Amino acid sequence: MKNEKTFWLLALAFIMWQPVIDVLTSASLLLLNISLTVGVIVRVLFMAAIVLMLLWKARQSRIARKYVFYLLAVAAVIAINIGLNMNVKDPYYIGSELKFFNKIVYFPILFTGFSILYLYLKREQVPFKEKTTSYFLYASLIISAVFIVSFITGTSLSNYSHTKIGFTGWFFAGNEIGAIMAIILPITALYAIEKTNRVKEWRYWIPFVLLAVSMQFLGTKVGYGGILVVLLSVFFTMLILYFTKERTEKTRSNMLVSLVLIAVLAVTTPITPVFHNMFAHLSLLNIDLDFGGKEKKVDPDTGEEVPEEDDGDKEDDITNEQIQNLVFSSREKYLQEMKEQFAEAPVSQKLFGMGFAGNYEEPEPGKTPRMIEMDFFDLFFSLGIIGFLTMMSLPLYYVIRFIIHFVRNIKETFTPVNVMYGVAFILGLGISATAGHVLTAPAVSIYVAAVMALLMVREGIIKE
């Protein structure tokens, strides 16, 4: 194809425009009140273009043919799922089911597409890592600008309806934008590491700081945890490199900057929204952390402390259920319900899945069936044993190969690029497993697909 290079370069640049698409999606929902949003239309068209390119490449590329067969297998198990559940589930909302499947196929299609993209750019000697890092950086700057401007102008959307504090800028879905920011943050750190040669060049850390501050506005555990994980990753990476192979001013400078930022994060934690929200959540669970602040009773005659009477009806210990609720925000309850449904489901559903939201009943007016919001569980129960293994087979195969390659060649593979892109991927998987809205959300899964494909192609795990 004469314009193949242009197509792949435009496809890679699509990463940069994701925040703009998300803001336009919010406008579609809130101002125009339409469900067929800009985000849905643009992302479906992009996915279709990737599929068509894969089919075209399959005529001459062996790996593209393998990817097409893999995607056909995924399509087959989804088709079986729909056919079975139309006869098993009552009611069966075909619109909701198709919408859900459209979301979950986005990651495998984009991962295979970006793999072919990076293979092509690598063959053409295009600096694809540098371009990807730049596009991630531009996306981070757009997100930070939206958060800061919306907060200053008082036009930011609220992330919580009551009790808790948090803002999502002009982005409609708080969970999704939080996951996006956490995945992008390590790449902004990589940009800073690569550009900062001396401490006085700390200005290259400004994009990282802006995005980190914006993540604090969210008031979520994901936002705060993402900042902490990335800063600790930078510090220990620089520390290890300094004592093993790079005793340079560049390494020392980045180590110092990351240490200062960790200290700033620690000092400012008590005034962050997430700190307030944690105590608000504890209050909702009736957990009282007095830290020994209760007044002790003293006998007026002897001056000795009077032991408190044991109240059999009072429980001061935090229960396992309360801890799970604090971590998973009620998702554990929906997980238990889905486990019970799966246990009672017929063999056909155990093998090929219960579809969207399990074997739901007729919902109350104004409500819709809901997922667990823990992606791997959602995918397993929705696709069943065969469907889940089919969809996860290719990504899992490459992840295992990459880990083996990374460990065996640790002296060469332990680089800031691999570590920071790896942290981005691990954060994506971690958020996917605990808070959801990653592999089941096209707005987020595109970033995970790009990060994973880049790592695999750059290290030669995926090759033609």
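Here is a short conversation about the cavities of this predicted model and about one residue, glutamate 4.

Mentor: Residues are numbered from 1 along each chain as its sequence is written. In this predicted model, local features need pLDDT of at least 70, side-chain atom pairs count only at pLDDT 80 or more, totals for chains, interfaces and linings use all residues, and side-chain values use heavy atoms, with hydrogens and water left out.

Trainee: How many helices and strands does the protein chain have?

Mentor: Helices (H or I, at least four residues) and strands (E, at least two) are DSSP runs, numbered from the N terminus. For the protein chain, that comes to 19 helices and zero strands.

Trainee: What percentage of the residues of the protein chain count as buried?

Mentor: Buried means under 20% relative accessible area (1.4 Å probe, protein chains only). Of the 464 residues, the buried share is 49%.

Trainee: How many cavities of 30 Å³ or more are there?

Mentor: A cavity is a set of points, on a 1 Å grid over the protein atoms alone, where a 1.4 Å probe fits but cannot get out. Grid points are joined across faces, edges and corners, and a volume is the space filled by probe spheres set on the points. The largest cavity holds about 40 Å³ and the second largest about 30 Å³. The count of cavities comes to two.

Trainee: Which helix gives the most to the lining of the largest cavity?

Mentor: Lining residues have an atom within 4 Å of a point, and here they are Lys57, Ser61, Ile63, Ile116, Leu119, Tyr120, Arg123 and Glu464. Four residues come from the helix you want, residues 106-123, and that is helix α6.

Trainee: And which helix has the largest share of the lining of the second largest cavity?

Mentor: That lining includes Met338, Gly355, Asp378, Phe381 and Ser382. Three residues come from one helix, residues 375-408, which is helix α16.

Trainee: Is glutamate 4 buried or exposed?

Mentor: Glutamate 4 lies in helix α1 (residues 4-13). Beyond four places away in sequence, glutamate 4 touches Met53, Trp56, Lys57 and Tyr120, where contact means heavy atoms within 4.5 Å. With a relative accessible area of 6%, glutamate 4 is buried.

Trainee: Which side chain does glutamate 4 join by a polar contact of 2.8 Å?

Mentor: A polar contact is a pair of N or O atoms within 3.5 Å; within protein, one must be able to donate a hydrogen and the other to accept it, and residues adjacent in sequence count only if both atoms are side-chain atoms. The partner is also in the lining of the largest cavity: lysine 57.

Key: 1 Å grid on protein atoms, 1.4 Å probe; cavity = no way out; pocket = protein on both sides within 12 Å on 5 of 7 lines; lining within 4 Å. Buried < 20%, exposed > 50% of the residue type's maximum accessible area, 1.4 Å probe, protein only.
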